[in-house]
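Work through the exercises below with the sequence and the model open. Try each task before reading its solution.

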Amino acid sequence: MLSYAIKRVLGAIPTLFILLTLAFMMIRMAPGGPFDLEKQLPPEIEANLQAKYHLDEPLYQQYGRYLWDVAHLDFGPSFQYRDLTVNQLIADGFPVSLRLGGFSLLFALFFGIPFGIIAAMRQNKPSDYGLMTLAMLGISIPNFVLAPALILLLAVYNDWLPAGGLGGPLHYVIPVIALGTAMMAYVARLTRASTIEVLRSNFVRTARAKGLPERRVITHHVLPAALTPVVSFLGPATAGIITGSVVIETIFGMPGLGRFFVQGALNRDYTLVLGVVLFYGMLIILFNLLVDLLYAWLDPRVAYK
Amino acid sequence: MPFSKKLPLLLLTAFAVVACSGPDSFPVKEQPKILKDGRSVLRKGNGAEPETLDPHRAQSVGASTILRDLYEGLVSKAPDGELEPGGAESWEISADKKTYTFSLRQDAVWSNGDPITAEDYAYGLRRVVNPATASPYAQILAPVVNANAIIQGDLPPSELGVKVLDKNHLRIQLNSPTPYFLGLLTHSSTYPAYRLAVEKFGDAFTQPGNSVTNGAYKLDEWVVGSHIRLKRNTSYWDNANTGVDQVDYLPITDVGSELKRYQAGEIDWTSSVPIPQLDQIRKHIPGQLKTIPTLGVYYYGLNVTRPPLADSPKLRRALSMALDREIITEKITRGDEIPAYGWVPTVVDNYKGARMEFADWPREKRLAQARRLYKEAGYSQDQPLHLEIRYNTSESHKKLASVVANMWRVNLGVDTQLINEEWKVFLQNVRGKQLTQVFRAGWIGDYNDPYTFLELMYSRFGLNGSGYNNPEYDKLLDQAAVLPGGEERQSLMRRAETILLQDQPVIPIYFYTSKVLIKPYIRGFVGNGLGHYYSKDITIVPGRQSN
């Protein structure tokens, strides 16, 4: 297993290199540059700025310079936030995104899995229909609708929670619900489907036949098997939820990485966008690897060499 | 009842609460933030995150707002926008109006206790024009001797027309009399900088811990995307009169979220107001909404370098005449904007601007004339003009563009296509002057003088997106630029504006208002046309709970 993990990590390096090169070319092909503004700068001032950020050099030279810096883990200065480096921005933004995404994921799993199991156990009964209708609603309501509604209900009409900003744990409650609900609904549906399938399988029938209490059948036999699809869904989902919280971060004014990423792209903040792309790339590769390892641990039929 | 049955009920109730408490309740929590030790906090929405807190490299509104609290220029502004002494106690202007001698305050010190000297101001001014600083606003010092040559790299920064006479006296030499020069000295680009910090920390001299400032506040915390916290600078020379003790600037780009946080009692002063909620706000908290006429014009630029809009002032005039500006401001923008029948906003001081000839005509006469001009330009129902309006992504620009297209279609028969472009693409196309025909634009004055607007259409001015080039217009501006002010300068500028409105390379639509919400316990707010406010003039008086 260890050699497999090492092989995967080494294999990631060329992937990241291609990712970075493509991203570099693509952002440079986008029209406009970081210093284009409505109040266009006089040419001599623009030239001074270009020189300061080496944008006056030929592209291959800029690319070489950038690769050299990245190899030293220096992502360069941000073009938009001129007092800060991309390293600082990632170091500041990632913990926020991680907390937001991590709690949302926990929220989704904590409620989604039990809901899915309950629904599966009472298949085609009113509680199953009720839960699955709710799940459908949860998937269908976009978070940019859910979030303002929750803010109105919990922060404006009632004074229970803060409406936005960064602060204590309470500041995370509404954003986590808003971000995690769709995922919870998805997890619930996924769990229900796989549980129903597992409940019909032979080894569950055997477990019941040998007289095990129902609770033990569920926790020891059904659950591990039913959760494998949920786990394989977790890899991309974790990366997605950490990278995809842009809307929530904007609505709640949270300084996460997702917002930097989108703002960076709009501002043509080349270094910031590339830095975040590379960082996300590493993250996604890492999560997929973790999930594959977890998968092997859960399912004895899977083995890596 | 099992939980699974309760849950839908709970959710239904929740939505019912939101729905029922809908249009006719608009809760706004009016509770100022006072810290345990009694210090008052002003919490201000501040739009986009400032790109820097380096006064010489900043350019956004959000950054300048904060810099005004952190630093003080030679000249400052009273709450109503009138100029008043700042870092300089007094100044003398020579008879030819080209030499300014400033006497600094003897007792003024930096936030770390070091005395502020004339050298600090000179250092700041030289730093702005130094090409190595790459200051986007360096051009603001263009009136100063040698500034342009230094920006272009032809002379060293030490050649700037700024001379330190002694510790407390500074002399600035101008190329020509510039009546608005003192106003420029309130701009963040002209603030002093604490040399030791700049040299020691480089770009990071603006960070908390490194930052040394001379304004009423000093930097305490900066969490990018979350907040910038300023605390009272007790070393400030006028600390006794500084109002609020702490200022929290919150970067919030989503105006809807900003309003909700205002309602929830987390913000005292917003940076903007969402237009869809204006009616509710006017109904429930009319006293908290401030609409202030602003030095800015929203207009449609016309590319006059290419057909169909080139060489056809008649067509351009017809397009301008066919717009019902009152309908636009009353039904679409709805924020007390002023319909624009001139180019220079009506709130610019000491200037009575030119007006379009048709400004006071009745609607029928105006439309009849518009149709006649349209016909004379060679278009008709059978041969309609095909036009494209380009605008950058935004709901309000889109709405306005569709209204304009509709007015052109109904009143003239123009076939207009709307094209939405991403911001940077939009800018590039406007600049390229190839694809773009009509583009939405806005211009906010840098200082309170008609010149900042008229200059935009000067043929060699880099921002002249229309490609307008009228030697007569340029000549009038050249003449006005070297005059010290007074009636002659005014009349030259008025003549230039008249020519501009005749040629119509731009269609002014309305003059901006800035719209903000301010809680009733905030005192000391006086609106001004440039939107320049100093937190030190603000106090918080808790207790009053009505609107």
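**Exercise 1. The interface**

Task: count the residues of chain B in contact with chain A, and find which elements of chain B contribute.

Solution. Start with the count: 50 residues of chain B are in contact with 48 residues of chain A. Contact here means that the C-beta atoms, placed from the backbone, lie within 7 Å. Next, assign elements. Helix 1 (3–20), helix 7 (255–263) and helix 13 (423–432) of chain B each give two or more residues to the side touching chain A. Helix 1 of chain B gives the most, with seven residues. Helices (H or I, at least four residues) and strands (E, at least two) are DSSP runs, numbered from the N terminus. Last, sort by class: the side of chain B that touches chain A has 23 nonpolar, 15 polar and 12 charged residues. Ala, Val, Leu, Ile, Met, Phe, Trp, Tyr, Cys and Pro count as nonpolar, Asp, Glu, Lys and Arg as charged, and the others, Gly among them, as polar.

A note on the model. It is predicted: local features need pLDDT of at least 70, side-chain atom pairs count only at pLDDT 80 or more, and totals for chains, interfaces and linings use all residues. Residues are numbered from 1 along each chain as its sequence is written, while chains are lettered from A and ligands numbered from 1 in the order in which they are written.

**Exercise 2. Chain A overall**

Task: describe the secondary structure and the span of chain A.

Solution. Chain A has 12 helices and zero strands. Its C-alpha trace spans about 85 × 55 × 30 Å along the principal axes. Now check burial: 38% of its 305 residues are buried. A residue is buried if 20 or more other C-beta atoms lie within 10 Å of its own, exposed if 12 or fewer, and partly exposed in between; C-beta atoms are placed from the backbone. Then take the contacts in chain A with a separation of 6 or more: 73% join residues 24 or more positions apart.

**Exercise 3. Two sides of a helix**

Task: decide where the buried residues of helix 5 of chain A lie around its axis.

Solution. Check the length first. Helix 5 (residues 126–140) of chain A has 15 residues and reaches 21 Å from first C-alpha to last, close to the 21 Å expected at 1.5 Å a residue. The expected span is 1.5 Å times one less than the number of residues. List the buried residues: Leu131(A), Leu134(A), Ala135(A) and Gly138(A). Seen down the axis of helix 5 of chain A, they fall within an arc of 105°, so they line one face of the helix. The arc is that of the directions from the helix axis to the C-beta atoms. Turn to the face away from the buried side: it carries the exposed residues Pro126(A), Thr133(A), Met136(A) and Ser140(A).

**Exercise 4. The five-strand sheet**

Task: trace the strand order of the open sheet in chain B that has five strands.

Solution. The order is 1-2-11-10-9, with mixed pairing. Two strands pair if DSSP finds at least two bridges between them. The edges are strand 1 (33–34) and strand 9 of chain B, each pairing on one side only. Strand 2 of chain B runs parallel to strand 11 of chain B, over five bridges. Here Lys44(B) partners Tyr249(B). Strands 10 and 11 of chain B run antiparallel, joined by four bridges. Lys231(B) stands opposite Gln246(B) there. Six bridges join the antiparallel strands 9 (residues 217–223) and 10 (residues 227–232) of chain B. These two form a hairpin with three residues between them, and Gly225(B) in the turn has a positive phi of about 85°.

**Exercise 5. An alternating strand**

Task: which residues of strand 8 of chain B are buried, and which strands pair with strand 8?

Solution. Side chains alternate along strand 8 (residues 169–173) of chain B. Leu170(B) and Ile172(B) point to one face and are buried; His169(B), Arg171(B) and Gln173(B) point to the other and are not. Strand 6 (residues 99–104) of chain B pairs antiparallel with strand 8 of chain B over five bridges. Strand 7 (residues 162–166) of chain B does so over four bridges. Ile172(B) is the bridge partner of Tyr100(B) and of Val162(B).

Note on methods
Two residues are in contact if their C-beta atoms, placed from the backbone, lie within 7 Å.
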